[in-house]
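Okay, thanks for coming, everyone. I'd like to walk you through a structure, so have a look at it first and then we'll go through it piece by piece.

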Amino acid sequence: WKVDGSTVSSQTGTTYTLSNVTGPKTVTVKFKPGVFDLAGGPNAWKRLKEEVEKTEGAHTITISGEIMATNDQGNNGKITIRRDLIIKSSGSSASLNASNLSGIFDVNNKLTLENITLKNGKETGNRTGAGAYVTSTLIMKGSSAITNCSAHKGGGVYVNNGTLIMQDSSAISSCTAAGKGSGVYVSGTFKMSGSALVDQNNDVYLESGKSIDVTGTLTNTPAARITPDSYTDGRVLATGAAE
């Protein structure tokens, strides 16, 4: 809310009352965009990419069914997160299928996935992070999963000075890396809690000085298979109140 061009301090609600009005006033209000609904079908990947890569737009994208990349022009390619965003299933589950044509997300702004599966992301050559390349924050909630993704490093997720948070029953499985970190490559911060799982067929590679921050009791045994950069005495692999 603004009155005569000046922002009304601490006023973010949907109503505002003017008082002591003795003359003309100019009142302006900016509404936050709401929810963008997207279902599968022709050019669904293109429509998702166009919406996600806007710097302003809906704060939440809901997806029903499967959004699949194809060889059709514009209907493929890695998707860059350009604003803080929630992508969630409109039902119990939904998926993004990159069809091995590219990686799936460049997380340059905060992204929350809720009950969404990312699958069949592929990065060729020395490229990293086929499910997600994270320089900001990626939160995996509910039953969100990353599966069947491949890259040189960080087949599922490459955390590059950003933060990956896995909670609830989120999972990373069946991903591969020609180099290190088939599941997750950690060059930033990695937090786990609850029933979060990096499948034993995958691993979490920890660069020097990096560890997993266990923010809540983990219910899977094991919850992750760790590959540290070195196996030296005193090497810390996990920290946190629920270590």
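So let's start with a charged pair: the side chains of E123 and R127 form a salt bridge, at 2.7 Å from N to O. One thing before I go on: what you're looking at is a predicted model. Back to that pair. E123 is buried, with a relative accessible area of 9%, whereas R127 is partly exposed at 47%. And they have company, since salt bridges with shared partners link K78, D106, E123 and R127 into one network.

How many salt bridges does the count come to? It comes to 9. Let me show you two others. E51 and K54 meet through their side chains, with 3.1 Å from N to O. Here E51 is buried, with a relative accessible area of 6%, and K54 is partly exposed, at 40%.

Then there's K119 with E66, a salt bridge at 2.8 Å, N to O. K119 sits in strand β10 (residues 116-119) and E66 in strand β5 (residues 60-68), so this pair ties together parts that are 53 residues apart in sequence. Both ends are partly exposed: K119 has a relative accessible area of 23%, and E66 has 31%.

Okay, zooming out. The protein has 1 helix and 25 strands. The C-alpha trace spans about 75 × 50 × 30 Å along its principal axes. Of the 243 residues, 43% are buried. If you take the contacts with a separation of 6 or more, 70% of them are between residues 24 or more positions apart. As for the surface, about 11,900 Å² is exposed, and carbon and sulfur atoms supply 45% of that.

Now the sheets. One is an open sheet of 7 strands, paired parallel, and if you trace across it you get β6-β8-β11-β15-β19-β22-β24. At the edges are β6 (79-81) and β24 (226-228), each of which pairs on one side only. From one strand to the next, the twist averages 15 degrees. Picking out one pairing, β15 (residues 157-159) and β19 (residues 184-186) run parallel and are joined by 3 bridges. V157 has V184 as its bridge partner in β19.

Right by there is a residue I'd like you to find, G156, in the loop between β14 (150-151) and β15. Is G156 buried or exposed? It's buried, with a relative accessible area of 0%. What does G156 touch, leaving out residues up to four places away in sequence? The list is A130, G131, A132, I146, C149, C175, S182 and G183. For a bit of scale, the C-alpha atoms of G156 and I79 are separated by 15 Å, and those two are 77 residues apart along the chain.

Next, an open sheet of 3 strands, ordered β2-β1-β3, and this one pairs antiparallel. Its edge strands are β2 (6-7) and β3, each pairing on one side only. β1 (residues 2-3) pairs with β3 over 2 bridges, and K2 stands opposite T28 in β3.

Last stop is V27, which is also in β3 (residues 27-28). V27 is partly exposed, with a relative accessible area of 36%. Together with L18 and V21, V27 forms a nonpolar patch on the surface, with about 220 Å² of accessible area between the three.

That's my tour. Over to you for questions.

Technical notes: Residues numbered from 1 in each chain as written. Predicted model: local features only at pLDDT ≥ 70, side-chain atom pairs only at ≥ 80, totals over all residues. Heavy atoms only, no water. Patch = residues over 30% accessible without salt bridge, like charges linked within 9 Å, V, L, I, M, F, W, Y side chains within 5 Å. Areas by Shrake-Rupley, 256 points an atom, 1.4 Å probe, with all protein chains shown as cover. Salt bridge = Lys/Arg side-chain N within 4 Å of Asp/Glu carboxyl O. Helix = DSSP H or I, 4+ residues; strand = E, 2+ residues; numbered from the N terminus. Buried < 20%, exposed > 50% of the residue type's maximum accessible area, 1.4 Å probe, protein only. Pairing = 2+ DSSP bridges. Axes fitted to C-alpha atoms, helices over the stretch in contact; angles between N-to-C directions. Contact = heavy atoms within 4.5 Å.
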